[in-house]
Amino acid sequence: MRPGADAGPIGGFTGPRGLTWPAMPWCDGCDRFWTLDALDGGGGGGTADCPNCGSVLALPTAAEDQGAPWHFKLMVAAVVAYLGWRAIQLLVWLVGRF
């Protein structure tokens, strides 16, 4: 984990407003984050070696899927309602035109 970061309950980072983000592999020797695809043992839990310095990194464990945020669901509902209303307007226009 990056130095100075607060560890969350699932081994991630605690950000603003108490939100927890999944952990990423961090190499203290290279002072950088690595993606799971860039590591030799990437993909699951366990350990992997740093591609630059060869030190052993602890990989993050899989976090629970938390789903879409409420404001995204609200936006989808608003778009569906808007497009539904526009479809009704199209049908009324077509009936009045012919």
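A nonpolar patch of about 600 Å² sits on the surface of this predicted model, put together from L90, L91, W93, L94 and F98. One of its members, L91, belongs to helix 1, which covers residues 70-97. With a relative accessibility of 54%, L91 falls in the exposed class, because that class starts over 50%.

Helix 1 itself turns out to be pretty much out in the open: zero of its 28 residues are buried. Its length also checks out. At 1.5 Å a residue, a span of 40 Å is expected, and the C-alpha atoms at its two ends lie 41 Å apart, so the two figures agree.

Stepping back to the whole protein chain, the tally is one helix and six strands. Read from the N terminus, the order is β-β-β-β-β-β-α, so the helix comes after the strands. Just 14% of the 98 residues count as buried. The chain exposes about 7600 Å², with carbon and sulfur atoms supplying 62% of that area. As for contacts between residues at least 6 apart in sequence, 19% link residues at least 24 apart.

Over among the strands, M24 is found in the loop that runs between strand 2 (20-21) and strand 3 (26-27). M24 has a relative accessible area of 36%, so it ranks as partly exposed. Eleven residues separate M24 from T35 in sequence, and their C-alpha atoms are 7.0 Å apart in space.

Definitions and conventions:
Residues are numbered from 1 along each chain as its sequence is written. This is a predicted model: local features need pLDDT of at least 70, side-chain atom pairs count only at pLDDT 80 or more; totals for chains, interfaces and linings use all residues. Side-chain values use heavy atoms; hydrogens and water are left out. Patches are made of residues with over 30% relative accessible area and no salt bridge: like charges are joined within 9 Å, nonpolar side chains (Val, Leu, Ile, Met, Phe, Trp, Tyr) within 5 Å. Accessible areas come from the Shrake-Rupley method with a 1.4 Å probe; for residues, only the protein chains shown count as cover. A salt bridge is a side-chain nitrogen of Lys or Arg within 4 Å of a carboxyl oxygen of Asp or Glu. Helices (H or I, at least four residues) and strands (E, at least two) are DSSP runs, numbered from the N terminus. Buried means under 20% relative accessible area, exposed over 50%, partly exposed in between (1.4 Å probe, protein chains only). The expected span of a helix is 1.5 Å times one less than its number of residues. Contact means heavy atoms within 4.5 Å.
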